Amino acid sequence: MKIKITKPQDLGLLIRATRKHQKLRLDDVAGSAGLGPVFVREVERGKETVQFGRVIKLLQELGIELSADVTDDVLANFEKLQVEGVKPLPPKRRFSVPKAGSV
C-alpha cells in the first residue's frame with residue numbers, strides 16, 4: 001500500500017509503526033542499522049534536520065521502500081542523468097582562524 005509522505009512527521013510515524021509491527025525495540029533497530037538510538041528516536045519524532053543518507057539506511061533496515069511518483073518527462077530526464085552521472089561536489093574549503101595574539 002502506498003502512503004503519501006508530505007512532512008518529516010509522516011515518515012517518522014511510518015517508521016515507528018513499522019518498527020512496532022515488527023516488534024523491534026528502538027535500540028535494536030538502531031544497532032542493526034549501524035545508527036544511534038538517539039538518531040532513530042529523532043527520526044521517529046519527525047525531526048526535520050536529519051542526515052538523509054542515514055534515514056535511507058534506517059528505511060532499508062525496516063524493509064520500507066522509498067519511491068517517487070513523477071511524470072514520464074521527468075523519468076526520461078532522470079534516466080538520462082543516471083547514464084551521464086553527476087559531477088562530484090567540490091571538496092569543502094577549510095578556513096583556518098588565526099589564534100588570538102598572532103598576526
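The protein chain has a radius of gyration of 19 Å, whereas a compact globule of 103 residues would come out near 13 Å. The model is predicted. Five helices and zero strands make up the secondary structure of the protein chain. Two helix packings and a handful of individual residues are covered below.

**Overall dimensions and fold**

- The C-alpha trace of the protein chain spans about 65 × 40 × 25 Å along its principal axes.
- Read from the N terminus, the element order is α-α-α-α-α.
- Of the contacts with a separation of 6 or more, 52% join residues 24 or more positions apart.

**Surface and burial**

- The protein chain exposes about 8900 Å².
- Carbon and sulfur atoms supply 56% of that exposed area.
- Buried residues amount to 20% of the 103 in the protein chain.

**Packing of α3 with α4**

- Two packed helices are described by the angle between their axes and the distance between the axes.
- Helix α3 covers residues 37-44, and helix α4 covers residues 52-62.
- Their axes lie 11 Å apart and make an angle of about 90°.
- That angle makes α3 roughly perpendicular to α4, because values from 65 to 115 degrees fall in that class.
- On the α3 side, the contact uses Phe 39, Val 40 and Val 43.
- On the α4 side, Arg 54, Val 55 and Leu 58 meet them.
- By class, this contact has five nonpolar residues, one charged residue and no polar ones.

**Packing of α2 with α4**

- Helix α2 also packs with α4, at an angle of about 110° and with the axes 9 Å apart.
- The angle makes α2 roughly perpendicular to α4.
- Helix α2 brings Val 29, Ser 32 and Ala 33 to the contact.
- Helix α4 brings Lys 57, Leu 58, Glu 61 and Leu 62.
- The residues of this contact divide into four nonpolar, one polar and two charged.
- Leu 58 takes part here, and Leu 58 is also among the α4 residues that meet α3.

**Residues of helix α1**

- Helix α1 runs over residues 8-21 and holds Asp 10.
- Asp 10 has 19% relative accessibility, so Asp 10 counts as buried; the cut-off for that class is under 20%.
- Apart from neighbours within four places in sequence, Asp 10 is in contact with Lys 4 and Ile 5.
- Gln 9 is found in α1 as well.
- Gln 9 is partly exposed, because its relative accessible area is 30%.
- Outside its neighbours within four places in sequence, Gln 9 touches Arg 45, Gly 46 and Glu 48.
- The C-alpha atoms of Gln 9 and Glu 79 are 30 Å apart in space, and the two residues are 70 residues apart along the chain.
- Thr 18 lies in α1 too.
- Thr 18 is buried, because its relative accessible area is 17%.
- With neighbours within four places in sequence set aside, Thr 18 contacts Leu 62 and Ile 64.
- Leu 62, one of those partners, is also one of the α4 residues in the contact with α2.
- Between the C-alpha atoms of Thr 18 and Thr 49 the separation is 21 Å, for 31 residues along the chain.

**The loop after α1**

- Lys 23 sits in the loop between α1 and α2, where α2 is residues 26-33.
- Most residues other than glycine have a negative phi.
- Lys 23 has a positive phi of about 55°, although it is not a glycine.
- Lys 23 is exposed, because its relative accessibility is 74%.

**Asp 28 in helix α2**

- Asp 28 lies in α2.
- Asp 28 has 41% relative accessibility and therefore counts as partly exposed.
- The C-alpha atoms of Asp 28 and Ala 100 are separated by 47 Å.
- Along the chain, Asp 28 and Ala 100 are 72 residues apart.

Terms used: Residues are numbered from 1 along each chain as its sequence is written. This is a predicted model: local features need pLDDT of at least 70, side-chain atom pairs count only at pLDDT 80 or more; totals for chains, interfaces and linings use all residues. Side-chain values use heavy atoms; hydrogens and water are left out. Axes are lines fitted to C-alpha atoms, for helices over the stretch in contact, and angles run from 0 to 180 degrees between N-to-C directions. Helices (H or I, at least four residues) and strands (E, at least two) are DSSP runs, numbered from the N terminus. Angles under 35 degrees count as roughly parallel, over 145 as roughly antiparallel, 65 to 115 as roughly perpendicular and the rest as oblique. Contact means heavy atoms within 4.5 Å. Ala, Val, Leu, Ile, Met, Phe, Trp, Tyr, Cys and Pro count as nonpolar, Asp, Glu, Lys and Arg as charged, and the others, Gly among them, as polar. The radius of gyration is taken over C-alpha atoms; the globule rule is 2.2 Å times the number of residues to the power 0.38. Buried means under 20% relative accessible area, exposed over 50%, partly exposed in between (1.4 Å probe, protein chains only). Accessible areas come from the Shrake-Rupley method with a 1.4 Å probe; for residues, only the protein chains shown count as cover.
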